[in-house]
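I opened the model to look up how its interior is put together. My entries follow in the order I made them.

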Amino acid sequence: MELPTHSMSNLFAQLGLPADEAAIERFIASHSPLPENVALADASFWTPAQAAFLREEIGDDADWAEVVDQLNLSLRS
């Protein structure tokens, strides 16, 4: 059975954020670099619901975990 894969656009939509490529690039540019000592879900720019979703997906290694990891890396570069 193949696990579902999600795109960065799908993740942003799931988080209730604008999900087009330009909006994603603006979000990453405006919130980068995220300090190494701050966990992605603990960043100050998330709502409590967004932070809970990110924390749960990473903690459970759920099907969103791969794209959440991609976002984490993008915000740290």
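**Core and helix 4**

I looked up the largest nonpolar core (buried Ala, Val, Leu, Ile, Met, Phe, Trp, Tyr and Cys residues joined through side-chain atoms within 4.5 Å) and found 21 residues, with L11, W46, L54 and L71 making the most contacts inside it. Helix 1, helix 2, helix 3 and helix 4 each supply at least two residues of this core. Helix 4 gives the most, 4 residues. Helices here are DSSP runs (H or I, at least four residues), numbered from the N terminus.

This is a predicted model, in which local features need pLDDT of at least 70, side-chain atom pairs count only at pLDDT 80 or more, and totals for chains, interfaces and linings use all residues. Residues are numbered from 1 along each chain as its sequence is written, and side-chain values use heavy atoms, with hydrogens and water left out.

I checked confidence next: mean pLDDT (the predictor's confidence in each residue, from 0 to 100) is 93 for the chain, and 95% of residues reach 70 or more.

In helix 4, I found A65, V67, V68, L71, N72, L75 and R76 buried (under 20% relative accessible area, 1.4 Å probe, protein chains only). Their cover includes helix 1 (8–14), helix 2 (21–31) and helix 3 (48–59). Beyond neighbours within four places in sequence, L71 is in contact (heavy atoms within 4.5 Å) with M8, L11, F12, I28 and W46.

**E57**

I located E57 in helix 3. Leaving out residues up to four places away in sequence, E57 touches A62, D63, W64, A65 and V68.

Conventions:
Buried < 20%, exposed > 50% of the residue type's maximum accessible area, 1.4 Å probe, protein only.
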